[in-house]
Amino acid sequence: MDSVLIAPSVLSADFADVRSGLDRINEAGVSWIHMDVMDGHFVPNISFGAKMVEDIRKRTDETLDVHLMISNPEQFVKQFADAGADYLTVHYEASVHLHRLIQSIRDCGVRPGVAIVPSTPVSLLQEILPEVDLVLVMTVNPGFGGQKLIPSTLGKVSALVELRRRHGWDFRISVDGGINTETASSARDAGVDVVVTGSAFFEAPDLHAFMQQITGVPHGKPGEPGSRQ
Ligand code: DX5
Ligand code: ZN
């Protein structure tokens with residue numbers, strides 16, 4: 001089984017010094033960058049818009065995993081596609097016409113993802129799972145970095161692994177919120193493919209030790225074998 005991919009969340013970077021955040025992400029050798037877009041309406045916080053995606057797109061070839069925590073995501077699909085998102089994940093709870101929304105993302109040449117908040121059961125995704133490339137299981141209530149993981153949410157990962165196996169679907173499963181050196185092994189054991197980590201990633205005193213503890217596999221220093229995901 002491949003080791004889990006780590007997707008650092010830019011939300012926890014210093015917005016007045018994004019360059020340093022990108023340097024740390026590059027030093028870590030990760031291949032995904034998680035970008036949390038918040039509108040102050042769907043979630044009680046405001047982060048950044050498509051221009052941040054556009055500007056980071058100019059500075060990296062890594063996978064931009066854009067997480068829209070916004071109302072009316074339908075109105076912004078093209079903007080984020082044009083900005084350079086590789087994955088565009090929308091919330092199940094934000095759209096009545098989710099099937100049409102997921103198709104519109106794919107029609108823009110972007111990989112569609114669906115996210116669920118802690119109170120939303122996997123069963124509600126049954127009809128959309130065949131249409132997505134990513135399922136983002138929120139392991140905290142969305143809106144802020146630095147929160148504690150809600151353990152009961154990890155059961156959703158196992159349920160998604162089983163559904164994927166049974167139906168031969170091929171979406172990736174990601175967890176988002178409260179992932180750190182204490183909680184990562186539980187997420188791996190549940191069968192996750194990607195872990196989003198914000199505060200723990202940017203606060204880790206030893207980045208390479210952190211990467212090793214999160215993935216559970218040796219992580220080399222920059223330029224050494226195993227230094228890139
Ligand atoms: C929360 C965001 C998460 C958050 C992760 O609404 O979706 O991506 O930034 O931050 P940590 O890892 O600090 O919980
Ligand atoms: Zn997120």
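This is a short walk through a predicted model, stop by stop, with what to select and what you will find there.

**Stop 1: the zinc ion**

Start by selecting ligand 2, the zinc ion, and show the side chains of His 34, Asp 36, His 67 and Asp 176 as sticks. These are the protein donors: His 34 gives its NE2 atom, His 67 its ND1, and the two aspartates their OD atoms, at 2.0 to 2.3 Å from the metal. If you switch on angle labels, the 6 donor atoms span 71 to 175°, and the site is octahedral. For reference, six ideal octahedral donors would sit at 90 or 180 degrees.

Now look at how the donors are spread along the chain: their spacing reads H-x1-D-x30-H-x108-D. His 67 belongs to strand E3 (residues 63–69) and Asp 176 to strand E7 (residues 172–176), so this pair ties together parts that are 109 residues apart in sequence. Turn on a surface and look for these two. His 67 is buried, at 0% relative accessible area, and Asp 176 is buried as well, at 7%.

**Stop 2: ligand 1**

Keep the zinc donors on screen and add ligand 1. There are 20 residues around this ligand, and Asp 36, Gly 143, Asp 176, Gly 198 and Ser 199 come nearest. Asp 36 and Asp 176 will look familiar, as they are also zinc donors.

Three distances are worth drawing here:

- From an oxygen atom of ligand 1 to a polar backbone atom of Gly 143: 2.7 Å.
- From an oxygen atom of ligand 1 to a polar backbone atom of Gly 146: 2.8 Å.
- From an oxygen atom of ligand 1 to a side-chain N or O atom of His 67: 3.2 Å.

How much of the accessible area of ligand 1 does the protein cover? On its own the ligand has 380 Å² of accessible area, and the protein covers 100% of that.

**Stop 3: His 91**

From His 67, move to His 91, one of its contacts. His 91 sits in strand E4 (residues 87–91) and is buried, with a relative accessible area of 0%. Select Glu 93 too: the side chains of His 91 and Glu 93 make a polar contact of 2.9 Å. Beyond its sequence neighbours within four places, His 91 also touches residues including Phe 42, Leu 68, Met 69, Val 117, Met 138 and Pro 142.

**Stop 4: Phe 80 and helix H2**

Next, select Phe 80 in helix H3 (residues 77–83). Is this side chain's residue buried or exposed? Phe 80 counts as buried, at 2% relative accessibility. Its contacts, with neighbours within four places set aside, include Val 37, Gly 49, Val 66, Leu 68 and Leu 88. Ala 50 and Val 53 are also among them, and both of these are buried residues of helix H2 (residues 50–57).

Colour H2 while you are here. Along with Ala 50 and Val 53, the residues Met 52, Asp 55 and Ile 56 are buried in this helix. The cover over these buried residues includes helix H1 (18–28), strand E2 (32–38), E3 and H3. To get a sense of scale, draw a line from the C-alpha of Phe 80 to that of Ala 159: the two are 30 Å apart in space and 79 residues apart along the chain.

**Stop 5: Asp 133**

Asp 133 lies in the loop between strand E5 (111–116) and strand E6 (134–138). This aspartate is buried, with a relative accessible area of 11%. Which side chain does it meet in a polar contact? Select Arg 106, whose side chain is joined to that of Asp 133 at 3.0 Å. Other contacts of Asp 133 include Tyr 87, Arg 111, Phe 171 and Arg 172.

**Stop 6: Asn 72 and Gln 212**

Finish with two partly exposed residues. Asn 72 is in the loop between E3 and H3, with a relative accessible area of 42%. Its phi is near 50°, a positive value in a residue other than glycine. Most residues other than glycine have a negative phi.

Gln 212, in helix H8 (residues 207–215), has a relative accessible area of 37%. Apart from neighbours within four places in sequence, Gln 212 is in contact with Val 217, Pro 218 and His 219. For a last distance, go from the C-alpha of Gln 212 to that of Thr 181: 9.2 Å in space, across 31 residues of sequence.

Note on methods: Residues are numbered from 1 along each chain as its sequence is written. Chains are lettered from A and ligands numbered from 1 in the order in which they are written. This is a predicted model: local features need pLDDT of at least 70, side-chain atom pairs count only at pLDDT 80 or more; totals for chains, interfaces and linings use all residues. Side-chain values use heavy atoms; hydrogens and water are left out. Donors are N, O and S atoms within 2.8 Å of the metal (3.2 Å for Na, K and Ca); water is not among the atoms, so sites may look incomplete. Four donors count as tetrahedral if all angles lie between 85 and 135 degrees; four count as square planar and six as octahedral if opposite donors are over 155 degrees apart and all others between 65 and 115; anything else is irregular. Helices (H or I, at least four residues) and strands (E, at least two) are DSSP runs, numbered from the N terminus. Buried means under 20% relative accessible area, exposed over 50%, partly exposed in between (1.4 Å probe, protein chains only). A residue is near a molecule or strand if one of its heavy atoms lies within 4 Å of it. A polar contact is a pair of N or O atoms within 3.5 Å; within protein, one must be able to donate a hydrogen and the other to accept it, and residues adjacent in sequence count only if both atoms are side-chain atoms. Accessible areas come from the Shrake-Rupley method with a 1.4 Å probe; for residues, only the protein chains shown count as cover. Contact means heavy atoms within 4.5 Å.
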